[in-house]
Amino acid sequence: MKYMMLIYAAAQPEDASLCTPPVFEEWMAYDKEVQEAGIFVAGHSLADLTTATTVRVGDAGDRTVTDGPFAETREVLGGYYVIDVPDLDAALDWAARCPGSRGGGTIEVRPVADFEG
Amino acid sequence: MDERAAASVEAVFREERGRLLAALVHRFGDLDLAEEVASEAIEAALNHWPVDGVPTRPGAWLLTTARRKAVDRLRRDKAYAARLAILQAEADRADPAPPADADGELPDERLRLFFTCAHPALPAEDRAALTLRCLADLTTVEVARAFLVPAATMAQRIVRAKKKIRDTRIPFRVPGADELPERLPGVLQVVYSIFTEGYAASSGSTLQRLDLAEEAIRLARILRRLLPAEREVAGLLGLMLLVHARRAARTGPDGAPVLLADQDRTRWDRPMIDEGAAAVFAALTGGPPGPYGVQAAIAALHDEAPDVAGTDWPQIVALYDVLLGLTPSPVVALNRAAAVAMRDGPQAGLALLDALADEPKLRGYHLYPATRADLLRQLGRGQEAAAAYREALELAGTEPEREHLRRRLAAVESPGDGTAG
């Protein structure tokens, strides 16, 4: 079963000393683990939030392009993995091991919808 | 004849349904299919048994029948079968060896279902509901009543929980040893909620529902056997045994509750108290106690006391202090205040209760005004006591509890006839 792990980082930590973002080496090590476990389907980290642009098309076909993310929240989507594991417990376990779940970060785990079965 | 057979089927069903369901879920990996064929098997039993007689192994008969119906269903629905086959293959890939049972027996398959129903990915209010529905064999209406919500709301919750189990593929398995410390408290909470539901139904005419309490104790015994090193399992089992040991003395012949102070302690179940005390010992040995262990220790002090006056109230207050540190809650504070009243007198208890007057969690909780009323009565403040009894009467759920409060109220309203207690 495929699960997407949506990796959210706290945008502007109010007290930076409380939140220690994971270092690059931790991400490299995790990525290697995911690859070697044979569960990797897809995954990317996203460019900085300031690069976000939002598009919306109205009923009349009018296109609205705005600067910034869809919703202003404290948590910012920073990247994702899609992994193929047997069940939710396995997916939650991989999420808990991900550096993105620590240092003030949060990971949302959702199954990828399967329209074939 | 038919009626007796039907009653016998009913009894077997209540006993076997959870086991049947768990075995079917383990076999087919799908809760909906398991429920469907379990119901069909029961229906078949209701048709056949009155004619052919009840089989010697009714549980095995039900399981065989249900399995056959499931296989038929999967033959008819190839797409469904293909989906389940994939599920099963992946479940086999994921499933670690279950913890070994002390007796070398296979673990009860219901444990798997317990961990699934108590899974943290499910909304908290759905976990107990689903467990009661699947494992304690409560009807949706009974579950709804236990949680004081309309039946339709409860039905939606159960459907929602089952959908999340299916769609996110919450596994039917007992977590490995490394995951247990994280997952076990949720299961214990659910078992305890089943016990308290059996102990005192929230509403209705029966105060005690012994079958449910015993089901909860039985499940705790299984957990204890599977997880002998988990002290909170021992604590939960001890707590339930020590409370359940008083069952024969808890209600009078008319069904009204008998207060701990007035219970005939010779009717308490001594072997069960001994077993509970042994479990408490295990719960409090080898590390800091958990909340169930402390509550069990409090229950043990009550059970081992010759009477109310001879109860070790200073020790009980001390244990409530520990419990407040572990699980700060207004309900624990309320119980502590009642214990302080026993140790230092009603005035001291009343002062602590009055300090809790603004707690939102105690608003609507009948034991707050009921406890307050008892202390006011002991202090001779009859009018205030009457007002507090009336307040409690507006909130109390079960009919026996209400009857008890009405009698207390009548006694304080006409002090000449009342008996001071």
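User: Over how many bridges do strands β1 and β5 of chain A pair?

Analyst: First, this is a predicted model, where local features need pLDDT of at least 70, side-chain atom pairs count only at pLDDT 80 or more, and totals for chains, interfaces and linings use all residues. Residues are numbered from 1 along each chain as its sequence is written, while chains are lettered from A and ligands numbered from 1 in the order in which they are written. Strands (E, at least two residues) and helices (H or I, at least four) are DSSP runs numbered from the N terminus, and two strands pair if DSSP finds at least two bridges between them. For β1 (residues 2-10) and β5 (residues 75-84) of chain A, which pair in the antiparallel sense, the bridge count is nine.

User: Which are the edge strands of the open sheet in chain A?

Analyst: Lay out the four antiparallel strands of chain A and you get β2-β5-β1-β6. An edge strand pairs on one side only, and in chain A that picks out β2 (40-45) and β6 (106-111).

User: What angle does the direction of helix α2 of chain A make with that of β6(A)?

Analyst: From one strand to the next, the twist of that sheet averages 20 degrees. Helix α2 (residues 88-97) of chain A packs on the sheet and touches β1, β5 and β6 of chain A; contact means that two C-beta atoms, placed from the backbone, lie within 7 Å. Axes are lines fitted to C-alpha atoms, for helices over the stretch in contact, and angles run from 0 to 180 degrees between N-to-C directions. With β6(A), the direction of α2(A) makes about 155 degrees.

User: How does A:Val82 count in terms of burial?

Analyst: A:Val82 sits in strand β5 of chain A, and its contacts beyond four places in sequence include A:Lys2, A:Met4 and A:Val41. A:Met4 is 78 residues away in sequence, yet the two C-alpha atoms are 4.3 Å apart. A residue is buried with 20 or more other C-beta atoms (placed from the backbone) within 10 Å of its own, exposed with 12 or fewer, and partly exposed in between. A:Val82 has 15 such neighbours, so it counts as partly exposed.

User: Which residue in the turn of the β3-β4 hairpin of chain A has a positive phi?

Analyst: β3 (residues 53-57) is hardly covered, with zero buried residues among its five. β3(A) pairs antiparallel with β4 (residues 63-67) over five bridges, and A:Val55 stands opposite A:Val65. Five residues lie between the two strands, and the one with a positive phi, about 85 degrees, is A:Gly61.

User: How are helices α13 and α14 of chain B oriented to each other?

Analyst: The axes of α13 (residues 270-283) and α14 (residues 291-304) of chain B come within 9 Å and cross at roughly 140 degrees. Angles under 35 degrees count as roughly parallel, over 145 as roughly antiparallel, 65 to 115 as roughly perpendicular and the rest as oblique. α13(B) and α14(B) are therefore oblique.

User: What share of the residues in chain B is buried?

Analyst: Chain A has two helices and six strands, with buried residues making up 18% of its 117 residues. Chain B has 20 helices and zero strands. Of the 421 residues in chain B, the buried share is 41%.
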